[in-house]
Amino acid sequence: MQEIRLFSGEMIPLERHKVRIVQKLELLPVEDRLRRLQEAHNNLYLLKNRDIFLDMLTDSGVNAMSDKQLAAMMDADDAYAGSETFFQLEEKVQDLFGMEHFLPAHQGRGCEKVLADLLIKPGDLVPMNYHFTTTRAHIVRCGGEVLELLCEGGEICTSDEPFKGNMNTTALRSLLESTQRNIPFVRMEAGANLIGGQPFSLANLQETAAICREHGVLLVLDASLLQDNLYFIKSREEACSGLSIREITRAIADCCDIIYFSARKFGFAKGGGIALRDIALANPLQELIVLNEGFLTYGGISVREMAAITVGLEESMDETIISQGPEFIRFMVDELVRLGVPVITPAGGLGCHLNAKEFVPHIAADEYPAAALASALFIAGGIRGMERGTLSEDRNADGSEKFASMELLRLAVPRRVFTLSQIKYCIDRVHWLWQNRELIQGLKFTREPKILRFFTGELAAVSDWQEKLAARFRSDFGDSL
Ligand code: F0G
């Protein structure tokens, strides 16, 4: 376990690694942060990395790599077809999941694309614990519809429920018993991203799998955030405390027909892949992989990255390694709760999530509270988070806003990247913003794309509130950055 008790009694998550390669960071003065934000049209995706101090946008593809991963990358076997490095990766996936077939894809959404192309027909319904943006976009692109059947309480921000990512199995059962719609598969997402990296329990997955089997419906697992979910099962699910991470992984895989993942998260590298048992599904998927991703022994991933994924997957079976992210996030959540800041509890994986609906309740939903809060935090600390709320939803067909049920600012904690003092700095700047929250106002679009608008859309503040916030920062912090 990661937490260590200091002589003073304080519990801290202690890094169980040492840093041997570093990247210099700049912390711009607040006036420059304001200017760079406005030049990026208040869309944090459009910022330049050099202008960011703490990049907490995502944990995707930005996790620290280990010495062993780097060593393996030097030894990769480069070939368009038949690379030895691919076979090592395939063997690792077979070993962890006990599934015979493995198809590589360039990243998670590459997997989602080919799965949707093969399995989704117009009019199909796909039940899931919760959607992810790219997942839903591919299902909808193929004419399908997503139905979220999250457990009761899953969307309640402040809670003690350890497994808020569970499937509502009662609702799933009655749907499968009664619906006339075609259901090509049921999808479970490990560490449900958009509700704050919240896990499912093994018991819930097993029950979901039993229902699917009863009704002859495939169960597909999105394992992109499996690493955190594994740690939560091990540490929160009593029946599993005696199991090793490897045993829990196998028990999860035994429930599923298809497992896909983004290796930008699961595997500490860059890439993705689909594991499955059924050759009747593997064959047509292979055709789609070759057409869309690349040949079957690389699927759009560089061989060096494949070598890194193989080692990264093995490292994901090490409890000390995978506890680092969740324990840092818990530290952050506990401190913010202590300071009275509204955050998602219990702490999930992936990052700490601020609840913008409570942080800035005075901002109207159509002025994007979480996005406004994200822009404010960049001004306050050069910290880049990610809006996960209404801005991340595209509009309804009639042009009206599709209001997200949760309005979150995600502060991702890429694995093994930040030190505890950087986390403390972030907590401090969030606290300062909380104390000055009345200054924060909304944003409006000045250019709005139709699809996945949050990536490239341009926004402006509804007033000069950002200038006022920067001025307050200067007067509170004096010369300090
Ligand atoms: N599924 C989940 C649960 C994810 O979190 C992501 C990516 C994907 C699929 C798609 O994978 O990016 O490799 O194509 N999540 C990133 C994030 C983008 O920042 O949360 P990808």
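Which residue has a polar side-chain atom that lies 2.6 Å from a nitrogen atom of the ligand? That residue is Asp-222, shown in the first of the views below. The model is predicted, so that local features need pLDDT of at least 70 and side-chain atom pairs count only at pLDDT 80 or more, while totals for chains, interfaces and linings use all residues. Residues are numbered from 1 along each chain as its sequence is written, and side-chain values use heavy atoms, with hydrogens and water left out.

**View 1. Surroundings of the ligand.** The ligand is surrounded by 16 residues, the closest being Thr-58, Arg-109, Asp-222, Ser-262 and Arg-410, where a residue is counted if one of its heavy atoms lies within 4 Å of the molecule. Besides the nitrogen atom paired with Asp-222 at 2.6 Å, the ligand has an oxygen atom 2.7 Å from a polar side-chain atom of Arg-410. An N or O atom in the side chain of Gln-107 lies 2.8 Å from an oxygen atom of the ligand.

**View 2. Packing of helices α3 and α11.** Helix α3 (residues 84-97) and helix α11 (residues 303-315) have axes, fitted as lines to the C-alpha atoms over the stretch in contact, that come within 9 Å and cross at roughly 25 degrees; helices are DSSP runs (H or I, at least four residues) and strands likewise (E, at least two), numbered from the N terminus. Angles run from 0 to 180 degrees between N-to-C directions, and α3 and α11 are therefore roughly parallel to each other, a term that covers angles under 35 degrees. The crossing of α3 past α11 is left-handed, meaning that the near helix is turned anticlockwise from the far one by less than a right angle, whereas clockwise would be right-handed. The contact (heavy atoms within 4.5 Å) involves Thr-85, Phe-86, Gln-88, Leu-89, Lys-92, Val-93 and Leu-96 of α3, together with Val-303, Met-306, Ala-307, Ile-309, Thr-310, Leu-313 and Glu-314 of α11.

**View 3. Packing of helices α8 and α9.** Helix α8 (residues 226-236) packs against helix α9 (residues 245-255) at an angle of about 110 degrees, and their axes are 10 Å apart. The two helices, α8 and α9, are therefore roughly perpendicular to each other, the range for this term being 65 to 115 degrees. In a right-handed crossing, α8 passes α9. Leu-226, Leu-230, Ile-233 and Lys-234 of α8 make the contact with Ile-245, Ile-248, Thr-249 and Ile-252 of α9.

**View 4. Packing of helices α14 and α15.** The axes of helix α14 (residues 369-381) and helix α15 (residues 420-435) are 10 Å apart, and the helices pack at an angle of about 115 degrees. The crossing of α14 past α15 is right-handed. On α14, Leu-373, Ala-376, Leu-377, Ala-380 and Gly-381 meet Tyr-425, Arg-429, Val-430, Trp-432 and Leu-433 of α15.

**View 5. Backbone details in two loops.** Between α12 (319-338) and β11 (351-355), the loop holds Pro-346, and the peptide bond leading to Pro-346 from Thr-345 is cis, with omega near -5 degrees. Asn-42, in the loop between α1 (30-39) and β3 (54-55), has a positive phi of about 60 degrees although it is not a glycine.

Conventions:
Parallel < 35°, antiparallel > 145°, perpendicular 65-115°, else oblique. Polar contact = N/O pair within 3.5 Å; in protein donor to acceptor, adjacent residues only side chain to side chain.
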